[in-house]
Amino acid sequence: MIVVMKPGATAAEIGAVIRKAESLGCKTHPIYGDNRTVVALVGDLTRLTRETFDQMDGVLQTMRIQEPYKLLSRTTRPDNTIIDIAEGRVRVGGEAVVVMAGPCSVEGRSQIIEIAHAIKEAGATVLRGGAFKPRTSPYDFQGLGLKGLEYLADARAATGLPVITEVMREEQVQMVAEYADILQIGARNMQNYGLLQAVGKQQKPVMLKRGISGTIRELLMCAEYIVSNGNYNVLLCERGIRTYETATRNTFDLNAVPVLKQQTHLPVVADPSHGTGLRELVPAMSRAAVAAGADALILEVHPDPDNAVSDGRQSLTLEEFATLMQSLRRVAEAVDRTIAAPEMVLA
Ligand code: PEP
Ligand code: MN
């Protein structure tokens with residue numbers, strides 16, 4: 001249920017609604033939009049009726065939210081949520097489409113710094129790189145761990161680019177949050193509820209990737225776990241799902257982009273690298289994702305993809321990435337967006 005406040009409702013009026021709801025046994029989440037404030041009520045609503053709040057000062061109306069994802073629903077908040085990354089150096093969810101790029105894995109200090117400079121030059125505004133890698137085989141490279149996080153921080157210091165990196169376990173959340181500007185929850189961990197709660201209890205932005213066999217509704221419910229623990233800074237990422245198709249590594253579900261934009265106010269990120277698994281398909285699907293309304297792209301880029309320690313087959317070369325950025329600007333313009341520019345957003 002949401003209690004919609006009148007435009008200009010005072011803090012005291014909002015506070016009175018919150019106190020009344022809590023005295024009746026439910027949890028409250030005030031959501032401040034550009035045009036209106038709502039108080040979302042979750043938990044045990046059995047002692048509430050439609051009339052409970054109607055006569056209170058500052059209250060416009062009370063509405064039931066039909067969707068199971070209460071806090072993320074577009075009904076709860078019609079405006080797009082815009083998420084500030086690194087104290088607002090980059091903003092995701094607005095008119096400018098953010099491009100995040102970098103290697104699948106951080107392989108070394110000079111490697112990540114070289115890539116960071118190259119992607120910045122080409123126009124990316126966030127650096128990606130895995131330090132803790134979820135690998136199908138336990139014998140494959142598992143990531144540089146803490147050293148990888150330190151190298152990412154060095155690359156950020158060298159270029160000013162905020163960094164996104166994966167956190168795989170609950171116990172690592174605090175450590176990864178000390179280094180990263182965005183915490184990535186990988187596809188394999190979409191439904192790791194303990195991890196979702198842990199990233200929900202801290203305030204660094206989180207990018208939640210869709211599970212390999214997760215439905216869009218399940219993705220939204222998992223994001224609701226994060227938000228209901230207090231962290232509204234969540235980005236949702238479509239990265240392809242498993243189907244019977246074998247021509248590509250995954251089936252990149254582009255439908256998810258407009259479906260998510262319709263269902264929720266959170267920003268949507270598209271990952272055509274994992275979505276296709278094939279470098280030569282990445283430019284076309286990146287352009288398609290921007291045309292479909294994605295708020296950000298995350299792309300794997302490597303100076304020597306054939307010798308990358310992971311996901312080389314789907315990684316663009318530095319030159320391919322720079323060429324792609326040119327055409328992304330044109331597609332963005334065609335759909336009344338821009339590509340977030342480093343000089344606009346970086347200190
Ligand atoms: C990655 O981003 O490198 C990654 C492991 O992604 P996913 O969790 O989508 O497989
Ligand atoms: Mn990868």
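The C-alpha centres of domain 1 and domain 2 lie 36 Å apart, and the assignment behind that statement, whose bounds come from an automatic or database domain assignment, gives residues 2-63 to domain 1 and residues 83-345 to domain 2. Before going further I should say that this is a predicted model, in which local features need pLDDT of at least 70 and side-chain atom pairs count only at pLDDT 80 or more, while totals for chains, interfaces and linings use all residues. Residues are numbered from 1 along each chain as its sequence is written, chains are lettered from A and ligands numbered from 1 in the order in which they are written, and side-chain values use heavy atoms, with hydrogens and water left out.

Let me begin with the metal. Which residues hold the manganese ion, ligand 2? The protein donors are C104 through SG, H274 through NE2, E300 through OE and D311 through OD, lying 2.0 to 2.4 Å from the ion, where a donor is an N, O or S atom within 2.8 Å of the metal (3.2 Å for Na, K and Ca), and where the site may look incomplete since water is not among the atoms. Along the sequence these donor residues follow the spacing C-x169-H-x25-E-x10-D. The pair C104 and D311 links distant parts of the chain, 207 residues apart, with C104 in the loop between β7 (96-102) and α2 (109-122) and D311 in the loop between β14 (296-300) and α10 (318-334). Helices here (H or I, at least four residues) and strands (E, at least two) are DSSP runs numbered from the N terminus. C104 counts as buried because its relative accessibility is 4%, buried meaning under 20% relative accessible area, exposed over 50% and partly exposed in between, with a 1.4 Å probe and protein chains only.

That brings us to β14, the strand that ends at E300. Five of its five residues are buried, so β14 is largely enclosed by the rest of the structure, and both faces are covered, with A296, I298 and E300 buried on one side and L297 and L299 on the other. As for its partners, β14 pairs with β7 in the parallel sense over five bridges, two strands being counted as paired if DSSP finds at least two bridges between them. A101 has L299 as its bridge partner in β14. Strand β13, residues 268-270, also runs parallel to β14 and is joined to it by two bridges, and here A270 has L297 as its bridge partner.

Now to domain 1, and to helix α1. This helix covers residues 11-23, and its 13 residues reach 18 Å from first C-alpha to last, close to the 18 Å expected at 1.5 Å a residue, the expected span being 1.5 Å times one less than the number of residues. The buried residues of α1 are I14, G15, V17, I18 and A21. Seen down the helix axis, these buried residues fall within an arc of 160 degrees, so they line one face of α1, the arc being that of the directions from the axis to the C-beta atoms. As general background, an α-helix has 3.6 residues a turn, so residues three or four places apart point the same way. On the other side of α1, A12, R19 and S23 are exposed. The buried residues pack against β1 (2-5), β2 (26-32), β3 (37-43) and β4 (59-63), contact meaning heavy atoms within 4.5 Å. Just after α1, G25 takes a positive phi of about 95 degrees.

Two single residues deserve a moment. H29 sits in strand β2 and is buried, with a relative accessible area of 10%; leaving aside neighbours within four places in sequence, H29 is in contact with V38, V39, A40, V42, L71, V227, S228 and Y232. Q263, in helix α7 (residues 256-263), counts as partly exposed at 22% relative accessibility. The C-alpha atoms of Q263 and R74 are separated by 5.6 Å, although these residues are 189 residues apart along the chain.

Finally, helix α3, residues 146-159. Its 14 residues should span 20 Å at 1.5 Å a residue, and its end C-alpha atoms are 20 Å apart, which agrees. Among the buried residues of α3 are L149, Y151, L152 and R156, and what covers the buried residues includes α2, β8 (126-128), β9 (163-166) and α4 (173-179). α3 is followed by G160, whose phi is positive, near 80 degrees.
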